[in-house]
Every structure is written in C-alpha cells, then in structure tokens.
Amino acid sequence: MDQRIDESMTTECTIEEEAWAYLEKSIIYYNDRPIGTLAACDPSVESLNYDQCFIRDFVSAALLFLLKGRAEIVRNFLEETLKLQIKQRQLDFLEPGRGLMPASFKVETIKGQQYLEPDFGDHAIGRVTPVDSCLWWIFLLRAYVKATGDTSLAEREDFQEGIRLILELCLIARFDMYPTILVPDGACMIDRRLGIYGHPLEIQSLFYTALRAAEALLLDNAINKSTIQAVIQRLGPLSAHLRKHYWLDLERLTVIYRYKGEEYGKAAINQFNIYSDSIPYDWLSSWLPEKGGYLAGNLGPSQLDCRFFALGNLMAVISSLTSEKQSQEVMQLIDQRWDDLVGYMPMKICFPALEGQEWKMLTGCDPKNKSWSYHNGGNWPVLLWMLTAAALKTGRTELAVKAVAIAESRLSKEQWPEYYDGQNGRLIGKEARKYQTWTISSFLLAKELLEKPDYLALLTFD
Ligand code: GLC
C-alpha cells in the first residue's frame, strides 16, 4: 500500500471517502473485468490467504456495489464463482461433493494466461469445509435480481442448475433426523475449531435464508419441480424447529431447568435429553434480561450450546427465521446487554468466550482463539451491517445509529482492523489484519442503509 496516498487520505478526506478509496484498491480484476475484492490489503504481515477473494467476505461489498449502481462487479463475481462450483464428484473422493462452492479464489497466471484457483478448504488452515459459501451465493443472487430487476441472469440454465446443485447438496437425506443441516466444525465464518460441529446456528440461519432466496429464484418448470417441492417442504419444519428448540429466554430457561431426563417415546418433553447440569444456569439466569431472548448456538443429543452467536441471530432476524416477537426480543437483548455484546466495537462474534478446560477441549488449545480473542469472543466490525439491518427491520433504528457511531469513532483511526479483542472489544485484535475489506465495506454498507432504509428490501425477507 502506498503510504503517501494513505497519509493524504486520512488528513484530507472524510471517513467515507477514505473507506471508498481502500475498497476500490481491494478490487480484483480477471481478464480486465472486476470480479471481487481481496480479503485484506495489509502490507505489514504475510498475506497467507488474505490475498484471495472469499465468498463470505465479499457479501457486504457486493451489497454496497449493488446499492451504488455498480452491479457489474457482482454479476461478474456470481458468474465466475458459479463456474468454480463442483459439478461432478471425482471418483477418488478427494474432492468435495457436487454443488459445493469454494471458500475463496485467487487469480493466477500461467504463460500469460489468467485463470482462477479456488480453495474448497483443501488448502485452508485446518482443511475446513466452507459450507456457508453456497448459501451466501444464493442470497447474493437474489439481492442482485432485486437491485437490478434483471431476472435473465438467474433464469439462465447454468444459474438454475447451480441453484439446484446447492440445494441437492443441502437437502439430501443423510444420517440425520432433524430439519437442520449437519456440518463439521469451522464450516462458516468461524473457520476454526470452536466446538460448533453438529447443527450450528450460523449455518442454519444461512440455510433458511438460502431456501427463501431459492424459492424466489427457481423457475416453475418440470426440471425444477422436485427441487421446489423439497424447498417448500423443508422451510416449515426448519423454522418451527429453530424457533422452538433453539429459543432461549427466561421462560424457556425455567422449562429446561426443570426438565426430566431419560424420556423415551413420542410424548417426551425433553426430546434431546438435555441434562440440567450441562446448562450454565448461574450465568444465564442473571444474564438474560426480563424481556429479551436469542437463538442458542447449537442443538444435538444431550447438547444445547447456550452461547450467543451474533451472525446466526442477526441473519435470523433479517430473513424472518425468528417470529416477529422473537426478532424484537433479540434486539431487546442486544440493547439490554449492550456492554457485553457491542461494547467498544460492534459486535461480539460470540458470547461468552470459552475459557480454561473448555477452551482446551473445544478449540484444541488454539492460541489464536484464546478467551476473548478472534472467534472466541472477539468483536468483528463486519457484523455491523447485519446489526444495522436487523435494527432497522425491527424499528430499532437508534441501536443502529449508536453502533455506527462507535465504529466511526475508531475504524479509520485504527486502520480498519479485522477484529478486536477483550471482554468489551477495546483492544485491536492481537493478530488482526489492518485494512480488512469486509470491515471497510460493512461500515459503508451500514451507513448507506441508515441513510436509505428502503434498501433493506434487497436483503430482508418478510
Ligand atoms: C478468517 C475468518 C474468515 C474470513 C477469512 C478472510 O479466516 O475467520 O471468516 O473469511 O479470515 O477474511
């Protein structure tokens, strides 16, 4: 990064102008066409894979480009990533299944010829599967159609096939009896071990959002018939399951507290055999406000992960996965527990952090994910656009205004860090990149949404 440009930027432009200049700099070109953005442009650290375009990282930039009449880059991104999607299962089974989209890609050149090199998690640290990529991709395609009114792209046979393959991969019958999807640890934004294998909320919220988007995008024709039917059949049980079994508020907590174990048969109340001792009642009974609640982090046999995960909860509000009452209560919780969940930077990725023995067991002693750092209780500015959208959707504009003001007071001064550390997000993340693109685009997108709340229609579902 050119230091002179940076200095003049910070002294002479507004924060928004500066953010836009950095965002422009992060754009990746492929055969002279803009197709995405780099994850970060921090000259002071080894780039590892931050010099790639991550599908999840590009979402906030893409939405912003759509709002600003620059749909071309989003269209190029959707087309190129679709080409990278796995279309055939390899017989050596060393490649992921049909329908999967990469976590990230990079433009490479051989003999003057450019090509895209995808990473399906086969290069990533920990070899994690990017389950969320294909779900974000459908969400973005729907936003593209809404913003441009151009239905022809989504109606193209290659796009229809792409949507069908994603749904096939997600909806296929497996060794599972829930309407949610079963995934390995680290399959989403939290792409390291953090005890979120099974049915983590982030994936379930994105799954629901993608199903809603697919329902709107799939053409009603013979080839799509069974897929559309499968989508419709899944949506009801999925939202009912999440609204009922993941929901936590004081009332639910009392019910769970008095659960009996070892119930057999259809009439069982404690269906998942949750043992009272596994629930942190001391903490929850004092932390949960009188009014307010949230969707728990995960649910499985004798497992209810009571941590609050921001992305899953905010996307649940945005996509109307939570009922109207529940959406209001999620925002009430954020309001009432502002210091814990927002603090000095919107907002906390998950709360509370894993500590001690739990940290050892569930992260595999991961030093990057020590308590109140990075994924384990760090604060991530990228979550600002989702907080803003959820607040606007529920009529809690004042929360969005407050959150944006906090971000605005620090981000530019601190060179747009990837994440923040500490119980209240006061410290710049120990290993955080600077000039992280989704920090920059999320800030700009949040500002834009505040200014023009009508734009919400692009990303929300009624
Ligand atoms: C980290 C984050 C992941 C993000 C990537 C690039 O690995 O955990 O969610 O996509 O960085 O920014």
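The structure holds three cavities of 30 Å³ or more, and it is a predicted model, in which local features need pLDDT of at least 70, side-chain atom pairs count only at pLDDT 80 or more, and totals for chains, interfaces and linings use all residues. Residues are numbered from 1 along each chain as its sequence is written, and side-chain values use heavy atoms, with hydrogens and water left out.

A cavity here is a set of points, on a 1 Å grid over the protein atoms alone, where a 1.4 Å probe fits but cannot get out, and its lining residues have an atom within 4 Å of a point. Grid points are joined across faces, edges and corners, and a volume is the space filled by probe spheres set on the points.

**Cavities**

The largest cavity holds about 70 Å³ of space, and its lining is made up of Arg-56, Val-59, Ser-60, Asp-132, Trp-136, Met-189, Glu-202, Leu-311, Val-382, Trp-385, Met-386 and Trp-438. Helix H3 (55-67), helix H5 (131-148) and helix H16 (384-393) are the elements that give two or more residues to this lining, and H3 supplies the largest share, three residues; helices (H or I, at least four residues) and strands (E, at least two) are DSSP runs numbered from the N terminus. Because domain 1 (25-129) and domain 2 (337-462) both give residues to the lining of the largest cavity, this cavity lies between them; the domain bounds come from an automatic or database domain assignment.

The second largest cavity, with a volume of about 60 Å³, is lined by His-245, Arg-252, Ile-256, Tyr-259, Phe-272, Ile-274, Leu-299 and Leu-304.

**Ligand site**

The ligand is surrounded by Ala-39, Tyr-50, Phe-54, Arg-56, Asp-57, Met-189, Asp-191, Tyr-374, His-375, Glu-418, Gln-436 and Trp-438, where a residue counts if one of its heavy atoms lies within 4 Å of the molecule. Polar contacts, meaning pairs of N or O atoms within 3.5 Å, include one in which a polar side-chain atom of Asp-57 lies 2.5 Å from an oxygen atom of the ligand, another at 2.9 Å from a polar side-chain atom of Arg-56 to a ligand oxygen atom, and a third at 3.4 Å from a polar side-chain atom of Tyr-50 to a ligand oxygen atom. The protein covers 95% of the 310 Å² of accessible area that the ligand has on its own, with areas taken from the Shrake-Rupley method with a 1.4 Å probe. Since domain 1 (25-129) and domain 2 (337-462) both contribute residues to the shell around the ligand, the ligand lies between them.

The table divides the residues by class, with Ala, Val, Leu, Ile, Met, Phe, Trp, Tyr, Cys and Pro counted as nonpolar, Asp, Glu, Lys and Arg as charged, and the others, Gly among them, as polar.

| Site | Nonpolar | Polar | Charged |
|---|---|---|---|
| Lining of the largest cavity | eight residues | one residue | three residues |
| Lining of the second largest cavity | six residues | one residue | one residue |
| Shell around the ligand | six residues | two residues | four residues |

**Backbone features**

The peptide bond from Pro-346 to Met-347 is cis, with omega near -15°, and Met-347 lies in the loop between helix H14 (338-341) and strand S9 (350-351). A cis peptide bond also joins Phe-351 and Pro-352, with omega about -5°, and Pro-352 belongs to the loop between S9 and helix H15 (356-363).

How values were computed: On a 1 Å grid over the protein atoms alone, a cavity is a set of points where a 1.4 Å probe fits but cannot get out, and a pocket is an open set with protein on both sides within 12 Å along at least five of seven lines; lining residues have an atom within 4 Å of a point. A polar contact is a pair of N or O atoms within 3.5 Å; within protein, one must be able to donate a hydrogen and the other to accept it, and residues adjacent in sequence count only if both atoms are side-chain atoms.
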